[in-house]
Amino acid sequence: MSAGELLGIEPLELRFPFELKKQISCSLQLSNKTDEYVAFKVKTTSPKKYCVRPNTGVVLPRSTCDVIVTMQAQREMPPDMQCKDKFLVQSVVTGHGASPKDITPEMFTKESGNAVEEVKLRVVYVSPPQPPSPVPEGSEEGSSPRPSISDNGNVAASELVNAARAFDEPQEKSSETKALILRLSEEKNSAIQLNNKLLQELDLLRREVSKKQRGGFSFMFVIIVVLIGIVLGYLMKT
């Protein structure tokens, strides 16, 4: 706050978060330090660029008054975000019970004989707050992590190896699966062929048995038939 004897002013620097084609406002607070009625007037070096409400008024004893300063929308960026605009707040003691309608321009001139207090304010442009950065693609749920990049722009060798392994493992597993399926298919075909052959031989043996039943058959022949049946049953289960 300023060290003025009549009005304290906060802030002493008008800070505007500059954005193109957008009106921007900031506020001033005027505090009456005395037991008198104090009239004030706010002036600027660029009156067409700024709107001040109120630009004149009366601050009651030991009271405060808020002033809103609005910068009109700008079409061009200022060089290096620098601003040379200035504001001047003039204040003077006025009569007890005075109101804004009692204020005249002559009250703030030296010719009036009044002790006019003046405080200069500067304008500063600041960059507007930046929006939050988007979520990196690598951090999205379900996506694969990306390899980190070192300061010199090279991907870490260990992460390249891990990525290569992760790429090769599914291919190796796929090759092993295909080989297993092929081997099982071959074994299945061999079993089917053997089964068909045994069925043919069993059918042949049955015919022989049925022929020999009339005249009897040897004990060895019965054993052979039983063994063939056992082997065939085992193959059917597998």
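Author: A residue is called buried when its relative accessible area is under 20%, exposed when that value is over 50%, and partly exposed in between. The model above is predicted.

Reader: Is C83 buried or exposed by that rule?

Author: C83 has a relative accessible area of 16%, so it counts as buried. C26 is handled in the same way: its value is 14%, so C26 is buried as well.

Reader: How many disulfides does a search of the whole structure find?

Author: The general idea comes before the count. A disulfide is a covalent bond between the sulfur atoms of two cysteines. In this structure the search finds 0 disulfides.

Reader: What share of the residues in the protein chain is buried?

Author: Of the 238 residues in the protein chain, 26% are buried.

Reader: Which pattern of helices and strands does the protein chain follow along the sequence?

Author: The pattern is β-β-β-β-β-β-β-β-β-α-α. That gives 9 strands and 2 helices.

Reader: Which strands form the open sheet with antiparallel pairing, and in what order?

Author: Again the general idea comes before the case. Strands of a sheet pair through backbone hydrogen bonds, either parallel or antiparallel. Here 4 strands make an open sheet with antiparallel pairing, and the order is β1-β3-β7-β5. The edges are held by β1 (residues 7-10) and β5; each has a single partner strand, so one side of each lacks a neighbour in the sheet. On average, neighbouring strands of this sheet are turned by 20 degrees against each other, direction ignored.

Reader: How many bridges join β3 to β7?

Author: There are 8 bridges between β3 and β7, and the two strands run antiparallel. To follow one of them in the model, start at S25: its bridge partner in β7 is T70.

Reader: What is the order of the open sheet of 5 strands?

Author: The order is β2-β9-β8-β4-β6, and the pairing is mixed. At the edges stand β2 (residues 13-17) and β6, each with a single partner strand, so each has one side without a neighbour in the sheet. The average turn between neighbouring strands of this sheet is 25 degrees, direction ignored.

Reader: How many residues of strand β8 are buried?

Author: Strand β8 covers residues 86-94, and 7 of its 9 residues are buried, which leaves the strand mostly covered. It pairs with β4 (residues 37-44) through 8 bridges, in the antiparallel sense. One such pair is Y37 with its bridge partner T94 in β8. Strand β8 also pairs with β9 (residues 117-126), antiparallel, over 6 bridges. There L88 stands opposite K120 in β9.

Reader: How many salt bridges does the structure hold?

Author: The idea is as follows. Side chains of opposite charge can pair when their charged atoms come close. The structure holds 5 salt bridges. One of them joins R62 and D35, with 3.0 Å from N to O. This pair links distant parts of the chain, 27 residues apart: R62 is in the loop between β6 (56-59) and β7 (64-71), and D35 is in the loop between β3 (24-32) and β4. Both R62 and D35 are exposed.

Reader: Which parts of the chain does the salt bridge of K49 and D85 link?

Author: The side chains of K49 and D85 meet at 2.9 Å, N to O. K49 lies in the loop between β4 and β5 (50-53), while D85 lies in the loop between β7 and β8, so-called distant parts of the chain, 36 residues apart. D85 counts as buried because its relative accessibility is 9%. Salt bridges that share partners also join E13, R15 and R122 into one network.

Reader: With which residue does E19 form a salt bridge?

Author: E19 forms a salt bridge with K22, and their closest N and O atoms are 3.4 Å apart. E19 is partly exposed, at 31% relative accessibility. K22, with a relative accessible area of 40%, is also partly exposed.

Reader: Which residues make the nonpolar surface patch?

Author: I223, V226, L227 and I230 make a nonpolar surface patch of about 340 Å². V226 sits in helix α2, residues 219-237. Its relative accessibility is 46%, so V226 counts as partly exposed.

Definitions and conventions:
Residues are numbered from 1 along each chain as its sequence is written. This is a predicted model: local features need pLDDT of at least 70, side-chain atom pairs count only at pLDDT 80 or more; totals for chains, interfaces and linings use all residues. Side-chain values use heavy atoms; hydrogens and water are left out. Patches are made of residues with over 30% relative accessible area and no salt bridge: like charges are joined within 9 Å, nonpolar side chains (Val, Leu, Ile, Met, Phe, Trp, Tyr) within 5 Å. Accessible areas come from the Shrake-Rupley method with a 1.4 Å probe; for residues, only the protein chains shown count as cover. A salt bridge is a side-chain nitrogen of Lys or Arg within 4 Å of a carboxyl oxygen of Asp or Glu. Buried means under 20% relative accessible area, exposed over 50%, partly exposed in between (1.4 Å probe, protein chains only). Two strands pair if DSSP finds at least two bridges between them. A disulfide is a pair of cysteine sulfur atoms within 2.5 Å. Axes are lines fitted to C-alpha atoms, for helices over the stretch in contact, and angles run from 0 to 180 degrees between N-to-C directions.
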